[in-house]
Amino acid sequence: MKVNEEKIRELISQIETIIEALRIEEVDAEAIITSRNPKYHKSARNLVHYNAFRKFDLRTIQKKLGNLGLTRFANSGGHIMASLLNTRHILSSLLEDRPAVSTKAGLSIKNGKRLLANHTKELLGYRSKGRRVRIMVTQPTQAAHDYQMVHDMVQHGMNCARINCAHDDPEIWGKIILNVKKAAKAFGKTVKITMDLAGPKIRTGNIVPGPKVRKFRPERDETGHIVSPALIVLVPEVNEDSEMNMIPVALKWLKKLALGDKFILTDTRNKLRKLKVVHIDDQQILVHCYETSYIGTGTIIRCVNRELENATVGELPPIEQSILLRTNDILTITKSNTLGNPALFDEDGNLVKAATISCQVPEIFERIKEGETVLFDDGKIEGRIKALFTDRFEVCITRAKEKGSKLKAEKGMNFPTTDLGISGLTAKDKVDLEFVAKHADVVNFSFVNSKEDVEELLSELKKLGVLNKLSVILKIETRFAFDNLVEILLTAMKVKYIGVMIARGDLAVETGWDTIGKVQEEILALCGAAHIPVVWATQVLESFAKKGLPSRAEITDATASLKAECVMLNKGQYINEVLQLLNKILSGMERFHEKNEAMLPKMEKL
């Protein structure tokens with residue numbers, strides 16, 4: 001092959017400059033590398049190499065290599081020094097004098113891939129047949145009481161069960177774990193238990209509760225005729241998790257009802273409404289109503305077809321309230337834990353009092369400044385800090401839906417341009433960690449921002465006697481965690497085994513929707529260089545899980561998760577259907593890639 005030797009020598013010189021830079025970085029980091037867990041010595045060294053490598057502008061070199069049909073280092077993160085040395089060797093062989101060059105490197109391409117595979121197996125368990133990528137499933141509260149649900153999850157391909165300590169309590173967590181282990185044993189599988197520490201999530205406070213009332217409305221067609229009556233379910237008691245069509249009445253009264261019984265009641269608007277019993281089941285009665293009704297706590301129900309004492313509707317949970325915010329509205333965030341209120345207007349529509357809501361983490365008041373951005377509810381609402389006071393600050397809403405966006409209690413608040421100095425383990429995290437250390441295989445560390453946060457977690461694990469026994473997954477969900485990722489990974493390498501979760505919800509809000517694609521690719525690349533498995537998380541097939549039908553974009557996103565070693569699914573009514581679909585997608589795409597790779601040599605011969 002005829003080559004321009006001068007250009008080849010120039011390319012070799014450029015690559016040797018990179019190799020030398022990598023070796024200098026390695027020498028400087030030698031003390032750090034050798035002080036890591038022996039399992040990660042080679043991985044730490046390669047991460048140092050790759051971090052130095054990515055500082056170079058490689059566009060010109062990549063173009064020249066591509067023109068020669070050689071590697072452009074696009075997939076070389078896990079073995080970067082070996083790829084550089086091999087490329088230099090190939091380029092040298094194109095020269096007539098062919099100078100002798102070494103291709104020996106501490107980590108071969110094959111061994112780099114093997115390290116990642118081994119680390120993944122230790123952290124996330126064995127892969128399912130025909131599928132490399134593991135599936136992690138968030139367990140709902142129902143999983144504590146519904147063994148069949150958990151059984152089906154394991155049957156349909158769940159490799160890891162995720163429990164979020166931000167919800168429920170140790171009693172519920174324990175029951176979920178027992179059901180997972182029982183189901184895993186039934187199928188002869190090992191399902192890893194991972195538990196999320198809640199972390200210092202900044203959320204909105206509570207809002208003044210709404211009325212204790214339920215609305216029932218029959219379904220009508222376009223002409224206004226009733227297609228199906230409103231269905232009311234009479235039960236002995238309800239709570240916040242009960243279905244919205246349930247109304248509590250005394251069990252003693254319920255047991256006296258018969259099929260066909262008819263009732264009347266006066267609803268909260270003083271409207272007379274008629275009800276009829278259509279079905280009787282164990283401890284619940286199904287009733288039809290043919291007119292829109294508002295039934296509240298204390299409503300009297302009277303039987304009209306026979307002698308029967310009146311019933312009184314029991315205590316209903318209050319309706320969850322929200323604050324409607326439009327562009328240019330003012331929202332006051334209070335430091336004290338007071339109940340939030342919607343804006344108050346006079347009869348002429350003039351603002352009397354701005355809407356208020358509290359912040360659950362008052363420490364932020366010491367860090368924020370005027371002009372900084374505030375995002376609410378995963379970025380659905382955006383505002384800018386207009387004024388600061390000792391006990392509150394005012395936010396001018398800069399982005400909301402055209403007809404206004406509803407802000408509810410317990411919704412996330414993000415300050416993407418502010419270093420809040422809030423990270424590490426909360427008091428609740430330290431208490432929860434005691435349970436996690438006894439019952440889980442992996443702790444998922446939420447809102448890690450710096451190497452100091454990692455050191456704090458490792459110190460707590462040492463106190464609990466589970467250092468190097470309990471694995472760690474670092475949840476990357478802030479801009480600061482992304483910026484500090486290399487030193488976070490190197491610090492975590494003191495233990496075995498570690499992983500990274502790309503928590504794309506908060507991360508997208510923090511880094512910006514326009515850059516989240518680049519950010520997640522950077523995280524994948526750095527973790528690949530460190531041979532650290534990645535969990536692809538947040539909103540994977542979420543519409544399907546909640547509504548029973550996936551969007552086209554969700555299918556594409558699920559396919560893209562093949563870049564990671566694990567996919568995390570959130571809870572939803574259709575979670576087992578989601579599991580089956582995701583299992584097919586991942587298995588099918590892996591077979592497709594394997595087939596294409598097998599065909600490459602044949603294609604080259606043509």
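How many aromatic pairs does the structure hold? The structure, a predicted model, holds 5 aromatic pairs. In one of them, the rings of W253 and F263 have their centres 5.4 Å apart, with 50 degrees between their planes, so the pair is classed as tilted. Because W253 belongs to helix α9 (residues 251-254) and F263 to strand β9, this contact ties together parts that are 10 residues apart in sequence. Both W253 and F263 are buried. F365 and F393 also form an aromatic pair, in this case edge-to-face, with a centre-to-centre distance of 5.3 Å and 65 degrees between the planes. The two rings link distant parts of the chain, 28 residues apart: F365 is found in the loop between β19 (355-358) and β20 (373-376), and F393 in strand β22 (residues 392-399). F365 and F393 are each buried. In addition, one aromatic cluster is formed by Y50, F53 and F73.

Aromatic rings also take part in contacts with charged groups. The charged end of K189 is placed over the ring of F187, at 5.8 Å from the ring centre. The charged end of R479 sits over the ring of F480, where the distance to the centre is 4.6 Å.

Strand β9, which carries F263, is part of an open sheet of 7 strands with mixed pairing. The strand order in this sheet is β8-β7-β11-β10-β9-β13-β14. Its edges are formed by β8 (246-248) and β14 (311-312), each of which pairs on one side only. Within the sheet, β9 (residues 262-266) and β13 (residues 300-303) run antiparallel and are joined by 3 bridges. I264 has R302 of β13 as its bridge partner.

A further antiparallel pairing involves β15 and β23 (residues 405-408), which are joined by 4 bridges. In this pairing, L325 stands opposite S405 of β23. The side chains of β15 (residues 322-325) alternate along the strand. I323 and L325 are buried and point to one face, whereas S322 and L324 point to the other face and are not buried.

Salt bridges were searched for over the whole structure, and 27 were found. One of them joins E25 to K55, with 3.6 Å between the closest N and O atoms. E25 lies in helix α1 (residues 5-28), while K55 lies in the loop between α3 (41-53) and α4 (59-67), so this salt bridge ties together parts that are 30 residues apart in sequence. The relative accessible area of E25 is 29%, and the residue is therefore classed as partly exposed. K55, at 58%, is exposed. A network of salt bridges links E26, E30 and R45.

Helix α10 (residues 427-439) contains both members of another salt bridge, D432 and K428. Their closest N and O atoms are 2.5 Å apart. Because the two residues are 4 positions apart in the helix, about one helical turn separates them. The accessibility of the two partners was also computed. D432 has a relative accessibility of 7% and therefore counts as buried, whereas K428, with a value of 40%, counts as partly exposed.

K430 forms a salt bridge with E456, in which the closest N and O atoms are 3.8 Å apart. This pair links distant parts of the chain, since K430 is in helix α10 and E456 is in helix α11 (residues 451-463), 26 residues apart. Both partners are partly exposed, with relative accessibilities of 33% for K430 and 26% for E456.

Helix α7 (residues 147-155) was examined for burial and for the features at its ends. The buried residues in this helix include M149, V150, H151, M153 and V154. The N-terminal end of α7 is capped by D146, which has a side-chain oxygen 3.3 Å from the backbone nitrogen of Q148. G157 follows the helix and has a positive phi, near 115 degrees.

Note on methods:
Residues are numbered from 1 along each chain as its sequence is written. This is a predicted model: local features need pLDDT of at least 70, side-chain atom pairs count only at pLDDT 80 or more; totals for chains, interfaces and linings use all residues. Side-chain values use heavy atoms; hydrogens and water are left out. Two strands pair if DSSP finds at least two bridges between them. A salt bridge is a side-chain nitrogen of Lys or Arg within 4 Å of a carboxyl oxygen of Asp or Glu. Buried means under 20% relative accessible area, exposed over 50%, partly exposed in between (1.4 Å probe, protein chains only). Rings of Phe, Tyr and Trp (its six-membered ring) pair if their centres lie within 6.5 Å; planes under 30 degrees apart count as stacked, over 60 as edge-to-face and the rest as tilted. A charge sits over a ring if NZ of Lys or CZ of Arg is within 6 Å of the ring centre and within 35 degrees of the ring normal. A polar contact is a pair of N or O atoms within 3.5 Å; within protein, one must be able to donate a hydrogen and the other to accept it, and residues adjacent in sequence count only if both atoms are side-chain atoms.
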